Amino acid sequence: MSSNYNKFSLQTPWLSKSGVLTYDFCPRKFYLKKIEDYDLPESDALQKGIKFHNWIDELFDNIDKSALINGETTIREEYKRHFPDDFEAIDKQEVDLYTNFIEMEEERWEETENKEDFFPIKTEEFLSDEDLMFHGAYDRLDKYGEEDGEDVHIVYDYKTGSYKNYRESNYRFQLCGYRHLIHKNYDKYNVKYGGIIFPKEKRIWTEELKTRSINAFEDRVKRTRDSILDRDFSKTGYCKYCDFDIYCR
Ligand code: SF4
């Protein structure tokens, strides 16, 4: 299994999903971020996202699975019991994030026939593919069900922001990337589906990852790398939506 982090450079042009999406947004922004190493201070939204991801990551390691299965505790009790000791929500939106997620998990618990399948197989795993020079960390890998007598799996990402219809192709790209990394590193999983969980809106966007999308993922990574190596760092972004405008000349 390959899980080393390799920093991007023009000599070792490793890419991640966020590198490709940044380049697609604006090649100049990619240059400023990845080559000139400019960065922004963490916003409140980013801090909330990191805190939420850390909580979920530790949650599944720590909850008492047997007590849940035996009915000695509930999802609500168990999830609340594992809030970080120093947890303090910044605002109501942040409270809603956790409350909504717990409600979504209660519904999922009710709907899951075999309670063992409720728990993720893996959470927050960083993987890499040396051949494609691509790496990334997915949030959660679950059993989705059985098809033709074989287990099939689903990979999930959590987003603390809102679902955006115009970002669906990016969601698909990201999930195909995680699928690619899981298949490259493990023989035993068949990741046929992908999902993005938006607790803020109590919404899950799920899709079967089709061959066309899987091929498009690899093509997009290679095409982006070729453009980077051709030193195409043109200013072709949407400047009015860009948080790097303070660095850009
Ligand atoms: S301000 Fe405009 S040109 Fe500069 S990095 Fe941002 S999107 Fe690109």
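**View 1. Five strands form one open sheet.** In this predicted model, the strands line up in the order 1-2-3-4-5, and their pairing is mixed. Strands are DSSP runs of E with at least two residues, helices are runs of H or I with at least four residues, and both are numbered from the N terminus. Two strands pair if DSSP finds at least two bridges between them. Strand 1 (122–129) and strand 5 (203–208) each have a single partner strand, so one side of each is left without a neighbour in the sheet. On average, neighbouring strands are turned by 35° against each other, direction ignored. The angle is taken between axes, which are lines fitted to C-alpha atoms; angles between N-to-C directions run from 0 to 180 degrees. Residues are numbered from 1 along each chain as its sequence is written. In this predicted model, local features need pLDDT of at least 70, side-chain atom pairs count only at pLDDT 80 or more, and totals for chains, interfaces and linings use all residues.

**View 2. Strand 1 meets strand 2.** The two pair in the antiparallel sense over seven bridges, with strand 2 covering residues 134–147. Asp129 has Phe134 of strand 2 as its bridge partner. Strands of a sheet pair through backbone hydrogen bonds.

**View 3. A helix links two parallel strands.** Strand 3 (residues 150–158) and strand 4 (residues 191–198) are parallel and share six bridges. Tyr156 stands opposite Gly195 in strand 4. Together with helix 7 (residues 168–185), strands 3 and 4 make a right-handed β-α-β unit. Right-handed means that, with the strands pointing away from the viewer, the path from the first strand over the helix to the second runs clockwise.

**View 4. Strand 4 turns back into strand 5.** These strands run antiparallel and are joined by six bridges. Gly195 appears again here: Thr206 in strand 5 is its bridge partner. The hairpin has four residues between the strands, and Lys202 takes a positive phi near 50°.

**View 5. Residues surround the ligand.** Among them are Cys26, Arg28, Lys29, Tyr238 and Asp245. A residue counts as near if its C-beta atom, placed from the backbone, lies within 6 Å of the molecule. The shell has six nonpolar, one polar and four charged residues. Ala, Val, Leu, Ile, Met, Phe, Trp, Tyr, Cys and Pro count as nonpolar, Asp, Glu, Lys and Arg as charged, and the others, Gly among them, as polar.
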